[in-house]
Amino acid sequence: MRRFTEKALLVATHNQGKLDEMRHLLEPFGISVTGAKDHNLPEPEETGTTFVENARLKAHAAAQATGLPALSDDSGIEIDALDGAPGVYTADWAETPDGRDFTMAMRVTHEKLEKANAPYPRKARFCCTLVLAWPDGHDEVFPGVMAGQVVWPIRGDQGHGYDPIFQPDGYDQTFGEMDRWEKNKISHRADAVRQLVKIFGDG
């Protein structure tokens, strides 16, 4: 695995929350973190059929455009009874002419599970794949997973996306009911980040 020895990293996202989170995580390593907006980067079309393909696409596009090492992620929810759907199309299920509506997406998901007579517990997992790409074309991949189940009705108004219908294994709350700092300690993204930070610094 290639060590990260540079002093600057581009996080290829337009999401300020993700950028702030990564900046906080890498602060102890003395790495300067910038985001896609800082470099006027467009959002590339996500044409991959897997999380790693989409994350690679975004990371390499940013690295090539700026000459900086770039970190990107792709994430979503996979539901066993729906053959792994929505998976990489998680955000697409929420698309409307007026923007993304995840309340609608969660309702549609529930309706599909009911139509399929899916047994309980309705097993699911949140997946996050981080890809760190260098301008020379090399990359390292860090997959993270949080297993759980899909529940109904919607519970909680914290988090985002499908959080209010996802109950992680070992907990009686949904991600939507959890304090966000508690969620961030156990989430799929936290799992991937724990692996990622091992390549920074001397540890």
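**Exercise 1. Charges over rings**

Arg2 lies over the face of Trp134, 4.8 Å from the ring centre. This is a predicted model. Task: find which charged residue sits over the ring of Trp93, and give its distance from the ring centre.

Solution.
- Step 1. Take the ring of Trp93. The charged end of Lys112 sits over this ring.
- Step 2. Read the distance. Lys112 is placed 5.2 Å from the centre of the Trp93 ring.
- Step 3. Return to Trp134. This residue belongs to one aromatic cluster with Phe4, Phe29 and Phe200.

**Exercise 2. Classifying ring pairs**

Task: classify the pairs that Phe175 forms with Phe126 and with Phe166.

Solution.
- Step 1. Know what to read. A pair of aromatic rings is described by the distance of the centres and the angle of the planes.
- Step 2. Count the pairs. The model has seven aromatic pairs.
- Step 3. Take Phe126 and Phe175. Their centres are 5.9 Å apart, with 10° between the planes. Planes under 30 degrees apart count as stacked, so this pair is stacked.
- Step 4. Locate both partners. Phe126 is in strand 6 (residues 122–133). Phe175 is in the loop between strand 8 (166–168) and helix 4 (180–186). The two are 49 residues apart, and the pair links distant parts of the chain.
- Step 5. Check burial. Phe126 has a relative accessible area of 6%, so Phe126 is buried. Phe175 has 1% relative accessibility, so Phe175 is buried too.
- Step 6. Take Phe166 and Phe175. The centres lie 5.2 Å apart and the planes make 55°, a tilted pair. Both Phe166 and Phe175 are buried.

**Exercise 3. The sides of helix 3**

Task: work out where the buried residues of helix 3 sit around the axis, and what they pack against.

Solution.
- Step 1. Set out the helix. Helix 3 covers residues 102–115, 14 residues in total. From its first C-alpha to its last it reaches 20 Å, close to the 20 Å expected at 1.5 Å a residue.
- Step 2. List the buried residues. They are Ala105, Met106, Thr109, His110 and Leu113.
- Step 3. Use the arc. These residues cover only 135° around the axis, so they lie on the same side of helix 3.
- Step 4. Find the partners. The buried residues pack against strand 3 (70–79), strand 6 and strand 7.
- Step 5. Look at the ends. At the start, a side-chain oxygen of Asp101 comes within 3.1 Å of the backbone nitrogen of Thr103. Asn117 follows the helix, with a positive phi near 50°.

**Exercise 4. Helix 5 and its cap**

Task: name the residue that caps the N-terminal end of helix 5, and list what the buried residues of helix 5 pack against.

Solution.
- Step 1. Find the cap. Ser187 caps this end, with a side-chain oxygen 3.3 Å from the backbone nitrogen of Arg189.
- Step 2. List the buried residues. In helix 5 (residues 188–196) they are His188, Arg189, Ala190, Ala192, Val193 and Leu196.
- Step 3. Name the partners. They are helix 1 (16–26), strand 3, strand 6, strand 7 and helix 4.

**Exercise 5. The setting of Asp139**

Task: decide whether Asp139 is buried or exposed, and find its side-chain polar contacts.

Solution.
- Step 1. Place the residue. Asp139 is in strand 7.
- Step 2. Apply the cut-off. Buried means under 20%, and Asp139 has 16% relative accessibility, so Asp139 is buried.
- Step 3. Find the polar contacts. The side chain of Asp139 makes one of 2.8 Å with Arg56. Another, of 2.8 Å, joins Asp139 to the side chain of His60.
- Step 4. Widen the view. Beyond four places in sequence, Asp139 touches Arg56, His60, Val131, Leu132, Ala133 and Trp134.

Definitions and conventions
Residues numbered from 1 in each chain as written. Predicted model: local features only at pLDDT ≥ 70, side-chain atom pairs only at ≥ 80, totals over all residues. Heavy atoms only, no water. Phe/Tyr/Trp six-rings, centres within 6.5 Å; stacked < 30°, edge-to-face > 60°. Helix = DSSP H or I, 4+ residues; strand = E, 2+ residues; numbered from the N terminus. Buried < 20%, exposed > 50% of the residue type's maximum accessible area, 1.4 Å probe, protein only. Lys NZ or Arg CZ within 6 Å of the ring centre and 35° of its normal. Expected span 1.5 Å × (residues − 1). Arc of directions from axis to C-beta. Contact = heavy atoms within 4.5 Å. Polar contact = N/O pair within 3.5 Å; in protein donor to acceptor, adjacent residues only side chain to side chain.
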